[in-house]
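Me: Got a structure here I'd like to talk through. Can you walk me round the inside of it?

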Amino acid sequence: MLRREFLLTMGAAPVLEAFQRPDTPPPNVVIIYADDMGYGDLHVYGSDLSTPNIDKLAANGVRFTNWTSANPVCSPSRASLLTGRYPTRVGVPRVLNPDEKAGMNQDEQTLADLLRARGYRTQCVGKWHLGATPDYLPTKRGFDHYFGIPYSNDMQPSVLMRDDKVIEQPVKLETLTQRYTAEAVQFIQQSKGSPFFLYFPHTFPHIPLAASARFRGKSPHGIYGDVMQELDWSVGEVMTALRTAGVAGNTLVLFSSDNGPWYQGSSGKLRGRKGETWEGGVREPFIAWMPGRIPKGRVSNAVASMLDIAPTVTKLCGAAAPVKPEDGIDVWPLFTGTVDHIERDPLLYFDDVHLQCARWGQWKLHVTRYNRRGYSPPPKEGLKNLLLPKPELYDLNTDPDESYDVADLHPEIVNQMLAKMEAAMKTFPDNIQHDWEVTKTLKVSPTAAGALPRSID
């Protein structure tokens, strides 16, 4: 048995046996997922913003400092959360537009599919963004019901849907968080007596920002602060609903965000923002809460990923594993503190179909980069993802903002990571492999570490 498998088995077995006894109901699962919220946007992560309910969640659960998204933008990050697979495997390498006819590959099994087959009631409340046509909406991807905006709130047409019907156009954004929360609370109240899965991906703090009259103008940090305070209120309402329904003791609550901040918000002194594979674009706040099973007040520095949610939850709930292999792993032992870390292969970061970098423990290796920063306008010669003149290695333990390239000091780490990345790329779809092979042939001019590569073709 591999060491990792031994650690997982030893760490997870006692809890799994308890949940899987015939006289013990499976645990409920609530995933609250913010949109474009940065690593530094919560008070418990060092922000000046007021987030007392989320802080309380962290004080009574485990808070991660090295939890990462699988992608720095919306649609791909959501695809990885619900499948446990890289977005470049499931047909969602980039942000989906409202007029697209397709979405996440229909042969992919979602976490909702697997839990519903286990007997769970399932509902999605909020932003979907994995396909807006009827065959790709949540009601065709394992969810009994859906209430929300099928894509980002800055996209047109602006529509609010219930199941597969448009019920409001344009959407009244000012009351959206209030209505989302009421829907989530009602689902919890109506699910007593049956295990349930609530996937609650908020629309905010993605722009355009809007808050209800109760919160508008109340924060000293402007509309962004107002929106965050209302989101925090929403978390408090969900937690109150769980306690009122008498199910809090048997519910796993997870809180995180899809990617780093866009125009506003804080990346918590990390380099980069939304749309970039620097840590500021992919490292996320992450809190796991389950009374009596997840110890209170823990802080975990272990490296984990949104890819890990699906395999962790399905195993905890006794659901069948998906047919296709997952890229994530079961990290329940990290939730409970049974182990401090789990050995794993490097986590790969793509932007669109392009492999850009990888995280392996404390190390981050960048191998390609766009010839622009973030969402800035593309250069005159056109947007290109180019191979760096030489890989850049950053020690995130001592250099979390990726300022000092130490590749020359640790050539053995660079070579190990490059070999592991090459091996992993051979398992991806043909178009992803092809792009990687083409990228490696592009010629670039020498640049300083961390600078934008320039083509010499």
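Me: Let's start with Asp 258: buried or exposed?

Reply: Asp 258 is buried, at 0% relative accessibility. Buried here is under 20% relative accessible area, exposed is over 50% and partly exposed is in between, using a 1.4 Å probe and protein chains only. Bear in mind that this is a predicted model, where local features need pLDDT of at least 70, side-chain atom pairs count only at pLDDT 80 or more, and totals for chains, interfaces and linings use all residues. Residues are numbered from 1 along each chain as its sequence is written, and side-chain values use heavy atoms, with hydrogens and water left out.

Me: Where does Asp 258 sit, and what does its side chain reach?

Reply: Asp 258 is in the loop between strand 8 and helix 7 (279–282). Helices (H or I, at least four residues) and strands (E, at least two) are DSSP runs, numbered from the N terminus. The side chain reaches the backbone nitrogen of Asp 36 at 2.9 Å. That's a polar contact: N or O atoms within 3.5 Å, where within protein one must be able to donate a hydrogen and the other to accept it, and residues adjacent in sequence count only if both atoms are side-chain atoms.

Me: Which residues is Asp 258 in contact with?

Reply: Leaving aside neighbours within four places in sequence, they include Tyr 33, Asp 35, Asp 36, Arg 78 and Glu 284. Contact means heavy atoms within 4.5 Å.

Me: Switching to aromatics. How many pairs are there?

Reply: The count comes to 20 aromatic pairs. Rings of Phe, Tyr and Trp (its six-membered ring) pair if their centres lie within 6.5 Å; planes under 30 degrees apart are stacked, over 60 edge-to-face and the rest tilted. Take Trp 67 and Phe 286: their ring centres are 3.5 Å apart and the planes are at 5 degrees, so they stack.

Me: Which parts does that pair tie together?

Reply: Trp 67 is in strand 2 and Phe 286 in strand 9, so the pair links parts 219 residues apart in sequence. Both Trp 67 and Phe 286 are buried, and they belong to one aromatic cluster with Phe 64, Trp 332 and Phe 335.

Me: Any charges over rings? Which ring does Arg 89 sit over?

Reply: The charged end of Arg 89 sits over Phe 428, 3.8 Å from the ring centre. Arg 63 lies over the face of Tyr 45, at 4.8 Å from the centre. The rule needs NZ of Lys or CZ of Arg within 6 Å of the ring centre and within 35 degrees of the ring normal.

Me: And the nonpolar core, which residues have the most contacts inside it?

Reply: The largest one has 100 residues, and Phe 197, Tyr 199, Leu 242, Phe 255, Ile 309 and Phe 335 have the most contacts inside. Helix 6 gives the largest share, ten residues. A second, separate core has 28 residues, including Val 303 and Met 417. A nonpolar core is a set of buried Ala, Val, Leu, Ile, Met, Phe, Trp, Tyr and Cys residues joined through side-chain atoms within 4.5 Å.

Me: What about Thr 312, which helix is it in?

Reply: Thr 312 is in helix 8 (residues 309–316) and is buried, with a relative accessible area of 2%. A polar atom of the Thr 312 side chain lies 2.7 Å from the backbone oxygen of Asp 308. Thr 312 also touches Trp 332 and Phe 335, among others.
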